[in-house]
Amino acid sequence: MSSAYAVRTASPGAAVAAAWSPRRAAPRAGTAAATSASPEQVRSAFAATAAELEEMAARHRAENATAYADILDTEALIARDPAFADEVVARLGELDAESAVERVTERLAATMAALDSEELRERAGDIRQVGRAVADRLAGRLDRPPPDGAVVLLAEEVGAPDLLRYAEQVAAAVSGLGGPSSHAAIVARSLGIPFVVGAPDELLDAADGLRLLVDADAGEVVLDPSADRAARAVPAAAEPGAVQALRSLPTRTTDGVDVSVLANVASAVEARRAVAAGAAGVGLLRTELVHLAASDWPSRAEHERALRPVLEVLAGRPVTVRLLDFTNDKTPPFLSGRTSTTSSLDLLLAEPGALDAQLDAVLDTARDVDLRLLVPMVATREQLVAVRRHAAAAAARAGVGVPLVGAMLETPAAVEAVALLAAAADFFSLGTNDLTVATLGVGRTDDSVGPAQTAHADVLRLIEDAVLAAGAAGRPISVCGDAAADPGVLPLLLGAGLTVVSVAPSRLDQVRALVRATSVASAGQRLAGLLGARAGVSGG
Ligand code: PEP
Ligand code: MG
């Protein structure tokens, strides 16, 4: 019989897969019992943990992901801190080694958790992650590799390294501890992995192999879900064997409107997931996420290191690369305090060297893809004209053609200005995440707002205005905000006349299934009903 647990959402989405707890392995035979660990064994457990984290960091740095590497390096530094190991060793007389590690970890984490800054408080999780890795090592509970196929990762505290190490296989993750600003949550969102926290022990004890539905959007985990419940959250889960076949079918609504479903990515891992799931291309490559720990504007070389592995995976496909969008919760230390008063685009335009560094890197690394440039947080035509001027100069330096330049529409003012912006924009992309919070007057990290709130009439009205104005100006328009993957909103977006959507790689199958089950004509009527007297726009 299935049972359901209420959990908190740290990364949206839904997935069904087999439960797997990497740290539940029995102590390995031949491993020194924790109680008898010597000071040398304790120190070498810290050193081995640090080395493993550094090795993973180097791998991620080489592959693409500077921010992931920085997270792992932070944890490696904690493990390398001699004061941490010294304090554990000093307690070996009174406690066994594992308990000593736990006690010291808790003391350090509690100190951190009591600090004023939210960011530092979240680092308590990194300390616990390191402490747990050292304790596991001393007790011989080394991670086992996951079984074949997709898994739901379960742990008392899922860490960023868990997600990064097993990114190709983790369909979803469930943690007891942690919050939406933890490093694990940041990585999960970036990888498109549904992630929930606040899971009770009973759920974390689920046997390996048990089928779990993680419905992060509904804040629920269901053990052994019924086919109906699973299909409601993840339509493709109803017949896992048929997923592959469905991927090759056209994505056409019941009334014959073809819809192009692209992917949002920020890393090579996500790009591989997107390609494997049959994405037609990438509608949004977020370039800022890998630079969130940056201490200065990224250099051309840093951009290239981050971009090259992603774009290699996407060779031959359309890829929309967005310029750096340091906004709200995406503020690196060097811009601290500035993103609340100045838009990401104005910050970038005020640093022409930083803009050129990114444009040079993009144009050089994107030679094998069908490149489009996307400008975030656009407010005025002048901003677009300035970006176009820089893009044309960068294209000349690279000896390539000037790419199409599109504008994100993510504020009510931008939507109202579409007709004017169209003079300097080759295409538009609706950023429903920011558009929704800006329209409803709430903060981006406000827990009460999610993709579903894009169905608010005030937001839908703006979306309909944007589609009409872009159409009148002869400019293509798509949507890349998370609402495009929301089952309650997607049909309304199709009803408004949108035919290109870009969603997290983990949502591609679900979104295509929903498109195939939607009638644009009836969705348009529903939209018209929601918007009162105004007529809906039929798709096409
Ligand atoms: C958006 O605002 O909808 C969007 C796609 O941009 P981001 O989520 O990166 O702010
Ligand atoms: Mg945005």
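**Strand β9, its partners and the surroundings of ligand 1**

In this predicted model, a good place to begin is a pair of facing residues: Leu262 stands opposite Ser502, a residue of strand β16. The pair belongs to the contact between β9 and β16, the latter formed by residues 500-503. These two strands run parallel and are joined by 4 bridges.

Strand β9 has a second partner as well. With strand β10, which spans residues 282-285, β9 pairs in the parallel sense over 3 bridges. Here Asn264 is the residue that stands opposite Leu284 in β10. The route between these two strands can be followed along the chain: from β9 the path leads through helix α11, residues 268-276, and on to β10. This β-α-β crossover is right-handed.

How far is β9 itself shielded? The strand covers residues 260-265, and 5 of its 6 residues are buried, so β9 is largely enclosed by the rest of the structure. As general background, side chains in a regular strand alternate between the two faces of the sheet.

Leu284, already met as the residue facing Asn264, also offers a link to a more distant stretch of the chain. Leu373 and Leu284 are separated by 89 residues in sequence, while their C-alpha atoms are 9.4 Å apart in space. Leu373 is found in strand β12, which is made up of residues 370-375. With a relative accessible area of 1%, Leu373 falls under the 20% cut-off and is therefore buried.

Attention can now turn to ligand 1. The ligand is surrounded by 14 residues, and the closest of them are Arg286, Arg322, Lys330, Asn433 and Arg444. By character, the shell divides into 7 charged, 4 polar and 3 nonpolar residues. Among the elements of the fold, helix α18 (residues 432-440) gives the most to this shell, contributing 3 residues.

Several polar contacts can be picked out around the ligand. Lys330, one of the closest residues, places a polar side-chain atom 2.8 Å from an oxygen atom of ligand 1. The backbone takes part too: a backbone N or O atom of Thr432 lies 3.1 Å from an oxygen atom of the ligand, and a polar backbone atom of Gly431 is 3.4 Å from an oxygen atom of ligand 1. On its own, ligand 1 has 290 Å² of accessible area, and the protein covers 98% of it.

Technical notes: Residues are numbered from 1 along each chain as its sequence is written. Chains are lettered from A and ligands numbered from 1 in the order in which they are written. This is a predicted model: local features need pLDDT of at least 70, side-chain atom pairs count only at pLDDT 80 or more; totals for chains, interfaces and linings use all residues. Side-chain values use heavy atoms; hydrogens and water are left out. Buried means under 20% relative accessible area, exposed over 50%, partly exposed in between (1.4 Å probe, protein chains only). Two strands pair if DSSP finds at least two bridges between them. A crossover is right-handed if, with the strands pointing away from the viewer, the path from the first strand over the helix to the second runs clockwise. A residue is near a molecule or strand if one of its heavy atoms lies within 4 Å of it. A polar contact is a pair of N or O atoms within 3.5 Å; within protein, one must be able to donate a hydrogen and the other to accept it, and residues adjacent in sequence count only if both atoms are side-chain atoms. Accessible areas come from the Shrake-Rupley method with a 1.4 Å probe; for residues, only the protein chains shown count as cover. Ala, Val, Leu, Ile, Met, Phe, Trp, Tyr, Cys and Pro count as nonpolar, Asp, Glu, Lys and Arg as charged, and the others, Gly among them, as polar.
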